[in-house]
Amino acid sequence: MAAPGENLRIDGARLWDSIMEMAKIGPGVAGGNNRQTLTDDDAKGRALFQKWCEAAGLTMGVDEMGTMFATRAGEDPDALPVYMGSHLDTQPTGGKYDGVLGVLGALEAVRTMNDLGIKTKHPIVVVNWTNEEGTRFAPAMLASGVFAGKHDLDWAYDREDHDGKKFGDELKRIGWVGDEKVGARKIHALFELHIEQGPILEAEGKDIGVVTHGQGLRWIECTVTGKESHTGSTPMHMRKNAGRGLALVTELVHEIAMKSQPNAVGAIGHIDVYPNSRNIIPGKVVFTVDMRTHILPKLNAMVAEFEERAPKLCADIGVEFECEIVGQFDPPAFNETCVKAVRSAAERLGYSHMDIVSGAGHDACWINDVAPTAMIMCPCVDGLSHNEAEEISPEWAAAGTDVLLHAVLETAEVVG
């Protein structure tokens, strides 16, 4: 089919207004958002999104994980739908754009199709995946993981937050348990627009990131065990300091990541120190190592080196080391045809672009296992995300959504 005309653009002001209106729900304390999954504010955000979808003539469906699917009918009732979207839930101190841009950008693309009377062979579906962030209920990308067969529905329902509340109970409480079987929907292709969450596009002066791969990830939960003792009266040579083990392992993670360059990262994020008292040498430290790269052999080699060297480092200072992998997914390579549609759209529209690897996990990474998938990224200021100071420009948002619109229309096949 012929590609959409280069003059076809979304209404950037309308998109920006929608993003700002959604940001009023679950405001943060420093200008961002705290709209965590399955909270009352999440329910309010969902209701507003549903209202907007119905105003755009879309038909709403909801599956058993609470994921929302808003459908625009196609001309061929037998054609599989083209999906686009992301997530509306946020971090506790999240920004206004992470996930939200992808959902409301998809809605804006449909609004533009409606304005111009564009018809497509394939139906088009705007999706809001439940619990992408994984902050309240681990792991991240929970609903898309169930959809792709990575997690069992009952297992997902049993995930608990810090207060012991279960995912399934909270989904029911806010009124968003749907009747669709998770994963029953068939997908012709899926496109996810997202902010980069990194500094590369802004540093390179590019409007669009054409995402070719996602990073693989390994979360390694580690426990260093020493002996609690008084910080003032225990001689230095007699200490079994679990905190020192943490320090050595922290440097090891950095060393492994640095020598695995380019395109590899590693750090320690979550740390619990016991007993966490000013005048007690730590007897135990539990922490999580996060290693990522889009090259699977490199990722496996990084983990293997870590698992070999970390116990020896700790043994040398008289403390014990144990670890287990508690989260993982292999690097996804996005569908070449979908990626080409994104790249062609950027070129057709005259936007500067570059190929990029996603540094974060996204729902598209799971869906890529069950359907042709691609991602589009726009820059964010200083690469800052998962922070209330997260910022993008209206122009960046519009450019990314323009590319989304064109890639989706090319894939869904315009017929009128």
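## Binding-site residues, a cavity and backbone details

Biologist: Which residues does UniProt mark with the feature "binding site" alongside Asp-98 and Glu-133?
Modeller: The unreviewed UniProt entry places a "binding site" at Asp-98, Glu-133 and His-386. Such positions are given in the numbering used here, feature names are shortened, and annotations may be inferred rather than shown by experiment. The residue asked for is His-386.

Biologist: What kind of model is this, and how are its residues numbered?
Modeller: Residues are numbered from 1 along each chain as its sequence is written, side-chain values use heavy atoms, and hydrogens and water are left out. The model is predicted: local features need pLDDT of at least 70, side-chain atom pairs count only at pLDDT 80 or more, and totals for chains, interfaces and linings use all residues.

Biologist: Back to UniProt's "binding site" at Asp-98, Glu-133 and His-386. What is the largest C-alpha distance in this set?
Modeller: UniProt's set is Asp-98, Glu-133 and His-386. These residues spread over 289 residues of sequence, yet they cluster in space. Their largest C-alpha distance is 9.7 Å.

Biologist: How many cavities of 30 Å³ or more does the structure hold?
Modeller: A cavity is a set of points on a 1 Å grid over the protein atoms alone, where a 1.4 Å probe fits but cannot get out. Points are joined across faces, edges and corners, and volume is the space filled by probe spheres set on them. The largest cavity has about 30 Å³ of space. The count at 30 Å³ or more is 1.

Biologist: Which residues line the largest cavity?
Modeller: Lining residues have an atom within 4 Å of a point. The lining divides into no nonpolar, 5 polar and 3 charged residues. Here Ala, Val, Leu, Ile, Met, Phe, Trp, Tyr, Cys and Pro count as nonpolar, Asp, Glu, Lys and Arg as charged, and the others, Gly among them, as polar. The lining is Thr-90, Gln-91, Gly-94, Gly-95, Asp-98, Glu-133, His-386 and Glu-390.

Biologist: Why does Asp-98 count as buried?
Modeller: Asp-98 sits in the loop between strand 3 (82-86) and helix 3 (100-116); helices (H or I, at least four residues) and strands (E, at least two) are DSSP runs, numbered from the N terminus. Asp-98 touches Glu-133, His-194 and His-386, among others; contact means heavy atoms within 4.5 Å. Buried means under 20% relative accessible area, exposed over 50%, partly exposed in between (1.4 Å probe, protein chains only). Asp-98 counts as buried because its relative accessibility is 5%.

Biologist: UniProt also places a "binding site" at His-87, Asp-98 and His-194. Which of these is in the lining of the largest cavity?
Modeller: The unreviewed entry lists His-87, Asp-98 and His-194. They spread over 108 residues of sequence but cluster in space, with a largest C-alpha distance of 9.7 Å. From this set, the lining takes in Asp-98.

Biologist: Is His-87 buried or exposed?
Modeller: His-87 lies in the loop between strand 3 and helix 3. Its contacts beyond four places in sequence include Asp-98, Glu-133, His-194 and Asp-363. With a relative accessible area of 0%, His-87 is buried.

Biologist: What is the relative accessibility of Val-127?
Modeller: Val-127 belongs to strand 4 (residues 124-128). Beyond its sequence neighbours, Val-127 is in contact with residues including Phe-69, Met-84 and Val-103. Val-127 counts as buried, at 0%.

Biologist: How many bridges join strand 7 to strand 12?
Modeller: Two strands pair if DSSP finds at least two bridges between them. Strand 7 (residues 216-225) has 7 of its 10 residues buried. It pairs antiparallel with strand 11 (residues 284-293) over 10 bridges, and Gly-216 has Thr-293 as its partner there. Strand 12 (residues 320-329) also runs antiparallel to strand 7, and the bridges between them number 9.

Biologist: Where is the cis peptide bond that involves Pro-262?
Modeller: Pro-262 is in the loop between helix 8 (242-259) and strand 9 (264-274). Omega is about 0 degrees for the bond. It joins Gln-261 and Pro-262.

Biologist: What is the phi of Asn-263?
Modeller: Asn-263 lies in the loop between helix 8 and strand 9. At 41% relative accessibility, Asn-263 counts as partly exposed. Although Asn-263 is not a glycine, its phi is positive, at about 60 degrees.

How values were computed:
On a 1 Å grid over the protein atoms alone, a cavity is a set of points where a 1.4 Å probe fits but cannot get out, and a pocket is an open set with protein on both sides within 12 Å along at least five of seven lines; lining residues have an atom within 4 Å of a point.
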